[in-house]
Amino acid sequence: MRKVVEGSYAIADAVRCCSPDVVSVYPITPQTHIVEHLSEFVADGKLDCEYINVDSEFSSISSLVGASAVGARTYTSTTSQGLALMFEVLYNVSGMRLPIVMTTVNRSLSAPLSIWNDQQDSLGTRDAGWIQIFAENVQEAIDLTPMLFKISEDPEILTPSMACMDGFILTHVYEPVDFLDEEMVREFLPPFEPEYVLDPENPKTFGAFADPSWFTEFKYLQYQAMERARKKITEVSREFEEVFGRGYGGLIDTYAMDDAEIALVTMGSIVGTVKEAIDELRKEGVKVGLVKIRSYRPFPGEELKRALKDANVIASIEKDVSMGYESALLTDLKGAFYNSSIRTPIIGFAVGLGGRDIGVKQIRAIVEQASRVSDAGIESEFEIFDVKPECL
């Protein structure tokens, strides 16, 4: 069923179709409409779950630790400072192998205060042990929801996951989307029946104290689960396409890369703008292509090497910056290529910080700068793009 709706409503409906047992959320702009609609679904009898009103994002994720540990399918969503407030518990969730699914609405972090979009929040938690998949548009964010439940709840994975979607750009846009069919989702997504749960009749310990003789092994098993998630993400994406008819690739996707000399690498809603710029540049004879990263964690290093091996220059475009060095995606790209035989120059641009608009004009300027690398070499490995001197 196709309708024109707000992105937040579409996400809430996708969550409803996944039949979570417990939803615990705290509203924060621009995530608020998602949780408002979920509350309405519960009040109207359209979603049968325990909907917990809490006093903070720390409490929302903490309450789901208990719910997930007793075997409930659990969901939450947050953004920006809310995700930062969850930071301590994110590590507890992944270390206890609890498959909580969270829609992370990407928004910049204070200070200065900004409610607009960049991706500093989720990228700042990249080492917390959560799967992170970025959505290009509302439809992909909808479809990620049942996929992530299926991936996270797999007995071989048991790892929490984030469906990352750009705040306002996707949450508040109205566009036509194909709603999920609830019965088809139930066939696609099996009930959550974990082998190990907290049960007074069969006592177990979750998240216990571990001295140095045990701690490394816990982390090793967690690391191996994330490695297995690589294959699982691809398998579930393929299965979703077979059932629902919509495909997004696996860990990555590509656009106009067959003969690309300049390769742009990015993730999130800016992908659509990059594609539009590529279409214009291709008509002008510029051989530019795109590699879209869907899964940022686990990081698709091998897939990126295969997709980018024939490019003359690689440019990352991302909405974050790591103070004191460069930006997260650029660093990961360089690391993936370091021990390989591929010696393609890699440069990076931090764009759209605090919600600054990035259009086709800006993408064309980045491509122009990247095109000079082949002839003149790298002038700058990394820059914060579109700085206004008059504001300094």
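This passage describes two sheets, a helix pair and several local backbone features in a predicted model.

One of the sheets is open and consists of six strands, which follow one another in the order β9-β11-β10-β13-β14-β15 with mixed pairing. Its edges are occupied by β9 (252–255) and β15 (382–384), each of which pairs on one side only, and from one strand to the next the twist averages 20°. Within this sheet, strand β13, comprising residues 313–318, runs parallel to strand β14, comprising residues 346–350, and the two are joined over five bridges; one of the positions concerned is Ile-314, whose bridge partner in β14 is Ile-346. Helix α10 (residues 270–283) packs on the sheet, where it touches β9, β10 (262–266), β11 (288–293) and β13, and the direction of α10 makes about 165° with that of β11.

Helix α10 also packs against helix α13 (residues 360–371), at an angle of about 65° and with the two axes 9 Å apart. Because angles of 65 to 115 degrees count as roughly perpendicular, α10 is described as roughly perpendicular to α13. The crossing of α10 past α13 is right-handed. On the α10 side the contact is made by Ile-270, Thr-273, Val-274, Glu-276, Ala-277, Glu-280 and Leu-281, while α13 contributes Val-360, Ile-363, Arg-364 and Val-367. Taken by character, the residues of this contact between α10 and α13 comprise seven nonpolar, one polar and three charged. As a general point, an α-helix has 3.6 residues a turn, so residues three or four places apart point the same way.

The other sheet described here is likewise open. It has seven strands in the order β3-β2-β4-β5-β7-β6-β12, and its pairing is mixed. The edge positions are held by β3 (50–53) and β12 (295–297), and since each has a single partner strand, one side of each is left without a neighbour in the sheet. The twist in this seven-stranded sheet averages 20° from one strand to the next. Strand β6 (residues 131–134) and strand β7 (residues 161–166) pair in the parallel sense over four bridges, with Ala-163 of β7 serving as the bridge partner of Ile-133.

Turning to the N-terminal region, helix α1 (residues 7–17) is mostly covered, ten of its eleven residues being buried. Among these buried residues are the charged side chains Asp-13 and Arg-16, together with Ala-10, Ile-11, Ala-12, Ala-14, Val-15 and Cys-17. The helix is followed by Ser-19, a residue that has a positive phi of about 55° although it is not a glycine. Ser-19 lies in the loop between α1 and β2 (22–25) and, at 32% relative accessibility, counts as partly exposed. A positive phi, of about 60°, is also found at Arg-97, again although the residue is not a glycine. Arg-97 is placed in the loop between α5 (87–95) and β5, and its relative accessibility of 22% makes it partly exposed, because the buried class is limited to values under 20%.

Cis peptide bonds are found at two of the loop prolines. The bond from Ala-111 to Pro-112 is cis, with omega near 0°, and Pro-112 is situated in the loop between β5 (101–106) and α6 (120–123). The bond from Arg-297 to Pro-298 is also cis, with omega near 0°; here Pro-298 is located in the loop between β12 and α11 (301–308).

Technical notes
Residues are numbered from 1 along each chain as its sequence is written. This is a predicted model: local features need pLDDT of at least 70, side-chain atom pairs count only at pLDDT 80 or more; totals for chains, interfaces and linings use all residues. Side-chain values use heavy atoms; hydrogens and water are left out. Two strands pair if DSSP finds at least two bridges between them. Axes are lines fitted to C-alpha atoms, for helices over the stretch in contact, and angles run from 0 to 180 degrees between N-to-C directions. Contact means heavy atoms within 4.5 Å. Angles under 35 degrees count as roughly parallel, over 145 as roughly antiparallel, 65 to 115 as roughly perpendicular and the rest as oblique. A crossing is left-handed if the near helix is turned anticlockwise from the far one by less than a right angle, and right-handed if clockwise. Buried means under 20% relative accessible area, exposed over 50%, partly exposed in between (1.4 Å probe, protein chains only).
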